[in-house]
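Reader: Could you walk me through this model, one question at a time?

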Amino acid sequence: MSWSFPIGHLFGSELRVHVTFFLLITWIGATGWLQGGPTTAAIYILYVLILFACVIAHEFGHALTARRYGIRTPDVTLLPIGGLARLEKMPEKPGQEIIVALAGPAVNVVIFLVLALILGPARLADVAFTEITLASLPAQVAILNLVLAVFNLIPAFPMDGGRVLRAVLSLSLGRAAATRAAATAGQVLAFAMGLLGLVAGNPFLLLIAFFVFIAAGAERSDDAMRMLARGMLARDAMITEYETLRPDDSLDLAATTLIRTTQHEFPVVDPETGRFEGLLTRAALYRALEASPRPARVVEVMERDLPLAQLTEPLTGTLAKMQTGAPAVMVIGREGTLVGYITRENVGELMIVASARGG
């Protein structure tokens with residue numbers, strides 16, 4: 001996910017943090033400071049950090065359960081609204097999808113029950129509506145995990161309840177229609193949350209509504225893309241008309257080529273062998289041109305080790321390779337030379353054309 005950076009690995013998945021997470025920390029800390037000074041600010045920040053530790057546990061509930069069905073989780077990202085475990089795919093069998101979706105809230109329920117047994121029901125009731133203090137923190141964390149479980153069971157994307165809804169509806173409507181229904185429910189929920197945030201003057205609620213709306217739309221788009229890819233091969237979606245660069249080309253030449261063409265990325269090919277060496281993206285070129293000291297050659301800023309595909313490889317497998325965050329999948333011919341490449345944007349355009357023909 002863009003605007004996020006890695007902070008480590010856990011259970012074979014990369015753990016990432018979105019930059020907006022630190023805006024939340026700053027806002028919570030400032031609120032605590034205004035209410036009670038540095039001590040209150042520290043307690044509030046500790047509360048948020050514990051909250052996100054529970055969120056991580058929630059996301060790895062999904063990830064480790066999905067692993068039982070042979071599905072990897074390349075990374076888990078912390079967002080201001082919670083977490084996002086980026087599975088290579090969701091199980092397409094409704095029963096398996098329900099189990100994976102419920103695994104996250106189940107972790108929060110277990111944390112709640114364990115803390116409830118340790119603290120006792122009376123103590124939880126006493127602090128349910130009191131201010132967060134160091135003494136009340138364990139009980140507040142217990143209640144928060146129950147809230148997280150309930151919130152995530154709302155039957156709308158991108159919440160886990162939306163995945164359960166999609167799985168149940170797919171039994172009668174089919175997966176595509178079920179996905180559209182769950183995504184629409186998510187965007188309606190986001191609109192209601194945004195309206196409430198505006199009326200209440202709550203910027204955090206507006207931020208949550210924004211993320212929910214975008215995530216619901218992305219879920220709908222990704223599922224439509226996967227449905228389109230069924231029965232197609234890599235050669236059906238690849239870009240075949242493009243200009244290449246050489247490893248020793250200057251960045252000035254690359255910039256000129258960017259201006260002259262409509263390409264967003266440029267395969268870098270060895271001029272003697274014709275073999276693929278790397279990919280220069282527009283974003284990488286912009287960063288290099290603004291850097292000081294500025295790199296001189298394409299080879300210094302191009303991306304290497306991109307995923308490869310064969311001409312006759314199923315497109316569904318090719319799209320799965322993009323889940324690692326790679327900007328493109330390079331299609332290699334029999335001689336090992338580059339014959340084309342595939343980007344999410346290109347598949348998206350193919351999907352629009354296919355939908356127009358179908359309509």
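What follows is a short conversation about a predicted model, covering its sheet, a helix pair and one residue.

Reader: Happy to start with the sheet. In which order do its 4 strands lie?

Author: Glad you asked! The sheet is open and its pairing is mixed. At its edges are β1 (4-10) and β4 (82-86), each of which pairs on one side only. Reading across, the order is β1-β2-β3-β4.

Reader: By how many degrees are neighbouring strands of this sheet turned against each other on average?

Author: This is an average over neighbouring strands, and direction is ignored. The value comes to 25°.

Reader: How many bridges join β1 and β2?

Author: These two form a hairpin with 2 residues between them. In the turn, F11 has a positive phi of about 50°. One of the pairings puts P6 with R16 in β2 as its bridge partner. Strand β2 covers residues 13-18, and the antiparallel pairing of β1 and β2 runs over 6 bridges.

Reader: And at the other edge, which residue of β4 stands opposite L78?

Author: Strand β3 spans residues 75-79 and runs antiparallel to β4. The two strands are joined by 5 bridges. Opposite L78 in β4 stands G83.

Reader: Now the helices. Are α3 and α6 roughly parallel or antiparallel to each other?

Author: Let's take the geometry step by step. Helix α3 (residues 94-119) and helix α6 (residues 160-173) have axes that come within 8 Å and cross at roughly 165°. The cut-off for this class is over 145 degrees. Therefore α3 and α6 are roughly antiparallel.

Reader: What is the handedness of the crossing of α3 and α6?

Author: Handedness is a separate matter from the angle. The crossing of α3 and α6 is left-handed.

Reader: How many nonpolar residues are in the contact of α3 with α6?

Author: From α3 the contact includes P94, I98 and L102, while α6 brings residues including V164, A167 and L171. Charged residues take part as well, among them E97 in α3 and R163 in α6. The full division is 4 charged, 1 polar and, as the number you wanted, 9 nonpolar.

Reader: One last residue: is R175 buried or exposed?

Author: R175 sits in helix α7 (residues 175-200). Leaving out residues up to four places away in sequence, R175 touches M90, P91, E92, E97, R166, S170 and D223. The limit for the class is under 20% relative accessible area. R175 has a relative accessibility of 12%, so this residue counts as buried.

Conventions. Residues are numbered from 1 along each chain as its sequence is written. This is a predicted model: local features need pLDDT of at least 70, side-chain atom pairs count only at pLDDT 80 or more; totals for chains, interfaces and linings use all residues. Side-chain values use heavy atoms; hydrogens and water are left out. Axes are lines fitted to C-alpha atoms, for helices over the stretch in contact, and angles run from 0 to 180 degrees between N-to-C directions. Angles under 35 degrees count as roughly parallel, over 145 as roughly antiparallel, 65 to 115 as roughly perpendicular and the rest as oblique. A crossing is left-handed if the near helix is turned anticlockwise from the far one by less than a right angle, and right-handed if clockwise. Contact means heavy atoms within 4.5 Å. Ala, Val, Leu, Ile, Met, Phe, Trp, Tyr, Cys and Pro count as nonpolar, Asp, Glu, Lys and Arg as charged, and the others, Gly among them, as polar. Two strands pair if DSSP finds at least two bridges between them. Buried means under 20% relative accessible area, exposed over 50%, partly exposed in between (1.4 Å probe, protein chains only).
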